[in-house]
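Welcome, and thank you for taking a look at this one. Please keep the sequence and the 3D view open side by side as you read.

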Amino acid sequence: MKTYFFTNSVFFSYLRHMKEKKDMVKAYVRYLKLQRNMSANTLDAYQRDLRKLLDFLEHENKAVEDVELDDLQTFAAGLHDIGIGPRSQCRILSGIRSFFRFLQLDGYRDDDPSELLESPVLGEHLPEVLSTEEIDAMENSIDLSEKEGHRNRAIIEVLFSCGLRVSELVNLKISNLYREEQYLRILGKGSKERLVPISERALQELEDWFAVRRTMKIKPGEEDYVFLNRRGAHLTRTMILIMVKRQAEAAGIKKTISPHTLRHSFATALLEGGADLRVIQELLGHESIGTTEIYTHIDMTTLRDEILQHHPRNMKKSQKRCSFSVE
């Protein structure tokens, strides 16, 4: 362990610098929360990513105010060296750019050293999608004699029928479920509300779950949550992830899936059924139509496969042609 010796003036300068950095980070977090209106989960992710940079700068004995592009490029290279994947690198560097833009806007710096910071190039990655038959197979693989059986069926059906994010599902409230009108009121990213229709099939699964739920002892303060664990508290995202993966395996599905796969499947099913992309954007709660456009790539991939399989100009040359003889 290194030992540092300070003169009084250097020591107090160091303390002042540490306080200024702490105040700067607090101001940034306040900006993300109040002006960018970020959810608690997104806010936590931004803070974790920023901590990686601050730890790096502390190791390099570099003040935030003195950071240059070279420093950020060294930091970015270090992310690769410690085994962080390209997609995660992009997310971290996006947060770093946000931090330095804030510092410039708020007067902590005159420039933005992250302006020319490049992210790794990502290849196009199309998410896995489940068919309606695969969704049915997952639901049918659930043992309804177990106490959580009807709950798990309702979770899978609501995710697929409504296209919810897993964070929206775990925070779904009974008071936001309008059964007669057949829609849900969802509080999405950035605390933005949207109305999402819910199918009769999903409502029936919920009714079957509520019949079990009414027999449970529910923790104080948890009464309004739709989905509860066996201890009467609302579920976590990890619990949903484990359950979805387990049921996919039980249904014999070999694809790599998560709760988000059901959201992708919802959007893809709508697009294949002829729904307008703007409607899908509203239902998913996407701020940008560009985010929703990933589903046009999925649909085009499906169409391409159909053409290759069925169009006569694309039939395999190995197929025998009909031959005629003239007598």
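## The sheet

Three strands form an open sheet in the order β1-β2-β3, with antiparallel pairing. Within it, β1 and β3 are the edge strands, each with a single partner, so one side of each has no neighbour in the sheet. Please bear in mind throughout that you are looking at a predicted model.

Let us take the pairings in turn. Strand β1 covers residues 177-178 and is joined to β2 by two bridges, the two strands running antiparallel. If you would like a residue to start from, pick Leu177, whose bridge partner in β2 is Leu184. On the other side, five bridges join β2 to strand β3 (residues 193-197), again in an antiparallel arrangement. Here you can find Arg185 standing opposite Leu195 in β3.

## Two faces and two hairpins

In a regular strand the side chains alternate between the two faces of the sheet. Strand β2, residues 183-187, is a nice place to look at this: Leu184 and Ile186 make up its covered face, while Tyr183, Arg185 and Leu187 make up the uncovered one. Leu184, on the covered face, is the residue that bridges to Leu177, whereas Arg185, on the uncovered face, is the one opposite Leu195.

The turns deserve a glance too. The hairpin of β1 and β2 has four residues between the strands, and Gln182 takes a positive phi near 60° there. In the hairpin of β2 and β3 there are five residues between the strands, and Gly190 takes a positive phi near 65°.

## Positive phi in the helical loops

Most residues other than glycine have a negative phi, and most peptide bonds are trans. With that in mind, have a look at two asparagines. Asn37 has a positive phi of about 55° although it is not a glycine, and its place is the loop between α1 (8-34) and α2. Asn61 likewise has a positive phi of about 55° without being a glycine; this residue is found in the loop between α2 and α3.

Are these two asparagines buried or exposed? Asn37 has a relative accessible area of 33%, so it counts as partly exposed. Asn61 has a relative accessible area of 73%, so it counts as exposed.

## Aromatic rings

A pair of aromatic rings is described by the distance of the centres and the angle of the planes. The count for this model comes to eight aromatic pairs. In one of them, the ring centres of Phe56 and Phe75 are 5.5 Å apart and the planes stand at 55°, so the pair is tilted. Phe56 belongs to helix α2 (residues 40-59) and Phe75 to helix α3 (residues 69-81), so this pair ties together parts that are 19 residues apart in sequence. Both partners lie below the 20% limit for burial: Phe56 is buried at 16% relative accessibility, and Phe75 is buried at 5%.

Elsewhere, Tyr28, Tyr31, Phe99, Phe100, Phe102 and Tyr108 form one aromatic cluster. For a charge over a ring, turn to Lys173, which lies over the face of Tyr225 at 4.8 Å from the ring centre.

## Contacts across the sequence

Which residues are distant in sequence and yet can be compared by their C-alpha positions? Arg91 and Asp49 are 42 residues apart in sequence, and their C-alpha atoms are 8.5 Å apart in space. Arg91 lies in helix α4 (residues 86-105), and at a relative accessible area of 43% this arginine is partly exposed.

Gln47 and Gly95 make another such pair, 48 residues apart in sequence and 8.7 Å apart in space, C-alpha to C-alpha. Gln47 sits in helix α2 and is partly exposed, with a relative accessible area of 34%.

## An internal cavity

Rolling a probe the size of a water molecule over the atoms shows where empty space is left. Here the count comes to one cavity of 30 Å³ or more, and about 50 Å³ of space lies in the largest cavity.

What lines the largest cavity? The lining residues are Lys147, Glu148, Arg151, Trp209, Met216, Leu228, Asn229 and Arg230. By character, the lining divides into three nonpolar, one polar and four charged residues.

Methods
Residues numbered from 1 in each chain as written. Predicted model: local features only at pLDDT ≥ 70, side-chain atom pairs only at ≥ 80, totals over all residues. Heavy atoms only, no water. Phe/Tyr/Trp six-rings, centres within 6.5 Å; stacked < 30°, edge-to-face > 60°. Buried < 20%, exposed > 50% of the residue type's maximum accessible area, 1.4 Å probe, protein only. Lys NZ or Arg CZ within 6 Å of the ring centre and 35° of its normal. Pairing = 2+ DSSP bridges. 1 Å grid on protein atoms, 1.4 Å probe; cavity = no way out; pocket = protein on both sides within 12 Å on 5 of 7 lines; lining within 4 Å. Points joined across faces, edges and corners; volume = space filled by probe spheres on them. Nonpolar A, V, L, I, M, F, W, Y, C, P; charged D, E, K, R; others polar.
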